[in-house]
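Work through the exercises below with the model open. Try each task before reading its solution.

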Amino acid sequence: MTPEDVPSAIAARPGWWQSLAFGAPGIALLHVELAARDEGSLDTAHKWIAAMTRDAAAIGPGTSLYFGAPALAHVLVCSGRYPKALRSLHMAIRADVKKRLDAAHARIDRGDLPQMAEYDLIRGLTGCGAYLLHTDEADDVLAYLVRLTEPLKGGRLPGWWTSTGPSGITDVGFPDGHANHGMAHGIAGVLALLAHAVRRGTRVDGHEQAIRRLLAWLDRWQCDGSWPYFVASPTGIWKRPVGQRASWCYGAAGVARAQQLAALALGDEERQSDAEHALCAALDAPNLEGGSLCHGTAGLVQIARRAAEDAATPESLYARIPGLIRDEPTGDPFGFLDGDVGAGLVADASATPWDACLLI
């Protein structure tokens, strides 16, 4: 499929041409990966990259690793081409990240609670840090994330506690706000980025202490070998509901992979073993419907592959992958997170770092 083949109703969706989550950059990323595997054409990949960059890249509020300049830059990094375009995007991203960091530090200085969109992987500075880590320019983001792990409100609340519900808006069901544990919107993403940085040889002041603080928090709320999606009270837990998914975005698989990465960063063999056992348990009973990347089996396949590459006993993880692979449409032929594009990317072993945006 080329950009000219996209139905007009899809192409007209706001932000579609710059959305990694559901639009053209995800499709471009798929064609970059297929070309790297010798299963597709560089020419087709180029057409998608040209289409997604034909308008000025969105930057500033509302942009993230999954939309606008950072999303486009991620695709170009994975392509290994287009250095001039990437330099231009990179300069704009760096300037925007500085503004976001200045605002975040000012917020911490005031003692105010953050919004998830300030720090999370999908919309916030963790996502920007995931991109910048590949250029070895993530130190200022990492320093902010270290500070984010420190307590607020006289030590009563962790620094990532938000005043909203998981939707990111005020919610009567969450009168005290919540602490989110997910890879997409919570501290598993923060933990994974901090751990990846250590493994790449990048450390900032307080780096390992921050990793240990996050691990201690997750240990506190571990429930039956898994973790709840979130905590809704500093002194009480929302018990893991029946039917909770083991997905990448929120579930035990994503949190277990973040724990494994942290254990590897710290050289903690016992924690690594525990994390790998937790991941195996999640893969055995994923409770998922559909084959998507975000909250379906494709995400679990990619987590299992990456975790197996690092595992003390990789065979136990590799053995579970065939039972997770689904050859069925997701219902969205164009989506990266929730559609066939993401599922297509995990159809074979990765030839590019396309999944760096997942922090697994």
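Three exercises follow, on aromatic rings, a helix and a strand residue.

This is a predicted model, in which local features need pLDDT of at least 70, side-chain atom pairs count only at pLDDT 80 or more, and totals for chains, interfaces and linings use all residues. Residues are numbered from 1 along each chain as its sequence is written, and side-chain values use heavy atoms, with hydrogens and water left out.

**Exercise 1. Aromatic rings**

Classify the ring pair Y66 and F336, and locate both residues.

Solution.
- Start with the criterion. Rings of Phe, Tyr and Trp (its six-membered ring) pair if their centres lie within 6.5 Å; planes under 30 degrees apart are stacked, over 60 edge-to-face, the rest tilted.
- The structure holds 11 aromatic pairs.
- In one of them, Y66 and F336 sit 6.4 Å centre to centre with 40 degrees between the planes, so the pair is tilted.
- Now locate them. Helices (H or I, at least four residues) and strands (E, at least two) are DSSP runs, numbered from the N terminus.
- Y66 is in the loop between α3 (42-52) and α4 (69-79), F336 in the loop between α14 (314-318) and α15 (340-345).
- The pair links distant parts of the chain, 270 residues apart.
- Both Y66 and F336 are buried (under 20% relative accessible area, 1.4 Å probe, protein chains only).

**Exercise 2. Helix α2**

Check the length of α2 (residues 24-36) and decide how enclosed the helix is.

Solution.
- The expected span is 1.5 Å times one less than the number of residues.
- For the 13 residues of α2 this gives 18 Å, and the end C-alpha atoms are 18 Å apart, which agrees.
- Next, burial. In α2, 12 of the 13 residues are buried, so the helix is largely enclosed by the rest of the structure.
- Buried residues include H31 and E33.
- Their cover comes from contacts (heavy atoms within 4.5 Å); α3, α4 and α15 are among the elements that cover the buried residues of α2.
- After α2 comes D38, with a positive phi near 60 degrees.

**Exercise 3. N180**

Which side chains make polar contacts with the side chain of N180?

Solution.
- N180 lies in strand β1 (residues 179-180).
- Its relative accessible area is 0%, so N180 is buried.
- A polar contact is a pair of N or O atoms within 3.5 Å; within protein, one must be able to donate a hydrogen and the other to accept it, and residues adjacent in sequence count only if both atoms are side-chain atoms.
- The N180 side chain meets that of H178 at 3.3 Å and that of Y250 at 2.9 Å.

Notes
Buried < 20%, exposed > 50% of the residue type's maximum accessible area, 1.4 Å probe, protein only.
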